[in-house]
Amino acid sequence: MGAYHGNRINPKKFHKSQIKFLMYLLPLSIFMALPLIFIVFHAFKPLDELFAFPPRFFVKNPTLINFKNLFSNTSTTGIPMSRYLFNSIFVTALVMIFSIIISSMAGFALSKMKFKFKALIFEINTIALMFVGIAVGVPRFLVIKEIGLIDNFFVHVLPLLTIPVGLFLIKQFIDQIPNSLIEAAKIDGASDFSIYWRIILPLIKPALATVAILSFQSVWNNIETSSLFINMDSKRTLAFYMQTLVTLNNNNTVAGQGMAAASSLIMFVPNLIIFIIMQRKVMDTMAHSGIK
Amino acid sequence: MKNNMKKIIEKFKVVHQFLSHKSPYLFVSPYVLLFITFIVIPVLAAIYLSFTYFNTVKSPDFIGLLNYIQLITNDQEFMQHVLPNTIKYALIVGPGGYMLGFFLAWSLSQIPHRLRTILALVIYSPSMTAGIAMAVIWRIIFSGDHTGYLNAFLLNLNIIEQPIQWLQSPDHLMNIMIVVSLWGSMGVGFLAMLAGILNIDQELYEAAYIDGMKNRWQEVFYITIPSMKPQMLFGAVMAIVNTFNIGGIGVALSGANPTPQYSGQLIVNHIEDYGFIRFEMGYAAAVSVVLLLIVYYFSKVSWRLFGEKG
């Protein structure tokens, strides 16, 4: 010992010295993946296997019956499941698009422009990283009631557009862009808007992808909005519907459990796909994520 | 006179600056407006309401510190269950999850790229499930009769003789909450720490070994952590926020608020209990303020540890 062994962090290829890490990383990863694998198998189990004794982890005769039940099921007020799915997709798309636009615009101004309150805004945003949303559920409810957003479709969208972590990551990322690039564009007569649109946006795609994922997760999995701010069933989302499936059936009815498993699979898979597509960009962004 | 002139000129400058360079304000205003509406005002409102009695029917009555006094001296559930539960849960899931996250990120950095990407994805993916929405999986696994997966498994191995009501039992609920939360806590902070470790300059290690560094422990404490302080701080803040944000999980798992004998009741559930079930909004607001102060305090502590400016 005592001498440098070369390339231990981020090694290029496999070496037997890495076995000790794999000895605990592999079992741990499998353990962490188990509940997710379980839900996949569970969603495809026919009725007799769902409640077989002893219960089985793997599925023997996979079937789509749970998904069929789920899609033909209607809520107690007669709203079909497809309506909730549509609401969720629509709301998620709106939040992702607008949170990217809003936070990249603000990030650009905070990073590359000079104006009053700039430092203050960023400082407050950094404090807001610690903001715990559910802590202020009550006053948030009152604010939303005052503005008249109760039962308004946009209550799904507006409160979720500001993600302090998102603005923080974008601003740190734009800081890496050399100022000379922007000054050169200014000399060529580019307006602030065209600098934002033509130079900044194409260069910060990794950060935008990260914000897209963060906002996707916050809106797609969101239950609070539907349960606190919406009273009309037709305007609620899939995550909420799923929650009612679980609590209504309370694990007792056989078909209910299958549907609950199928719907959690539908909830989870989009999360996974989006992250797999964007994971490299996310890691690029995270390299600049530090709070200094 | 001279001073007044100066002030007027100052003011004029601000207005002038605003008019001639209004685009920065155009760029930040959508974010700032929404930020003020949905984050700043609710926090200020919580502070104001915490000094009032408010039941949503009549307008708030100012009662001074009564809510806080009530909370500290008279709220038995809070003092006997909610606060100790929250401290236990937060200490294990917060620092525990954070250290586990760093340890996993560091271990992952020691293996080749492709395998690392796959394992990182597996470890990260539970955090995407956002605790509450996925409580359904856990309710099936921990189901209380003999067809529950954990019960069947343990019965099979003859470890237990009777099926256990895992989620309804005050003895087990808290431990299950901690396991489930740790399982889902390898989120953005974990990814940031992984990226931070991978970006450390290799030559730093090389130089340190030449200077007499002997083993991996020293490597971690003298090179790795000091070189990625900003990411460590980001990870710490994320860990704290995440801990309190998924705090509602006890209610989601047991299906009841309050949880069985208050065994899994955390501060967040207490707020919901008073705010949305008993409609004592003023009191709920006081509990909210206490929670925000706790989060702020813990974040300040991590700032001390890893921040470059105090």
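From the N terminus on, the elements of chain A run α-α-α-α-α-α-α-α-α-α-α-α-α, which comes to 13 helices and zero strands. Helices here are DSSP runs of H or I with at least four residues, strands are E runs of at least two, and both are numbered from the N terminus. The radius of gyration of chain A is 24 Å, well over the 19 Å of the globule rule for 292 residues, so the chain is more spread out than a compact globule. That radius is taken over C-alpha atoms, and the rule is 2.2 Å times the number of residues to the power 0.38. Along the principal axes, the C-alpha trace of chain A spans about 70 × 65 × 35 Å.

A word on what is being read here: this is a predicted model, in which local features need pLDDT of at least 70 and side-chain atom pairs count only at pLDDT 80 or more, while totals for chains, interfaces and linings use all residues. Residues are numbered from 1 along each chain as its sequence is written, with chains lettered from A and ligands numbered from 1 in the order in which they are written. The pLDDT (the predictor's confidence in each residue, from 0 to 100) averages 85 over chain A, and 93% of the residues score at least 70. Among the elements of chain A, α4(A) has the highest mean, 94, and α12(A) the lowest, 74. Where pLDDT is low, the predicted coordinates should not be read in detail.

Of the 292 residues in chain A, 42% are buried. Buried means that 20 or more other C-beta atoms lie within 10 Å of a residue's own, exposed means 12 or fewer, and partly exposed is in between, with C-beta atoms placed from the backbone. Contacts (C-beta atoms, placed from the backbone, within 7 Å) reach far along the sequence: residues 24 or more positions apart make up 76% of those in chain A with a separation of 6 or more.

Helix α1(A) has 25 residues and runs 35 Å from its first C-alpha to its last, close to the 36 Å expected at 1.5 Å a residue; the expected span is 1.5 Å times one less than the number of residues. It does have a kink of about 40° at L34(A), shortly before the proline P35(A). The bend is the angle between axes fitted to the seven residues ending there and the seven starting there. Buried residues in α1(A) are L25(A), M32(A), I39(A), H42(A) and A43(A).

Chain B has 15 helices and two strands. Its radius of gyration is 25 Å, where a compact globule of 310 residues would have one near 19 Å. The C-alpha atoms of chain B fill a box of roughly 90 × 70 × 35 Å along the principal axes, and 46% of the residues are buried.

The two chains meet through 87 residues of chain A and 92 residues of chain B. On the chain A side, the helices that each supply at least two residues include α1, α4 and α5, but α13(A) gives the most, with 13. By class, that side has 60 nonpolar, 20 polar and seven charged residues. Ala, Val, Leu, Ile, Met, Phe, Trp, Tyr, Cys and Pro count as nonpolar, Asp, Glu, Lys and Arg as charged, and the others, Gly among them, as polar.

On chain B, P112(B) sits in the loop between α4 (76–108) and α5 (113–128). Leaving aside its neighbours within four places in sequence, P112(B) is in contact with P11(A), K12(A), K13(A) and F14(A). P112(B) counts as partly exposed because it has 14 C-beta neighbours inside 10 Å.
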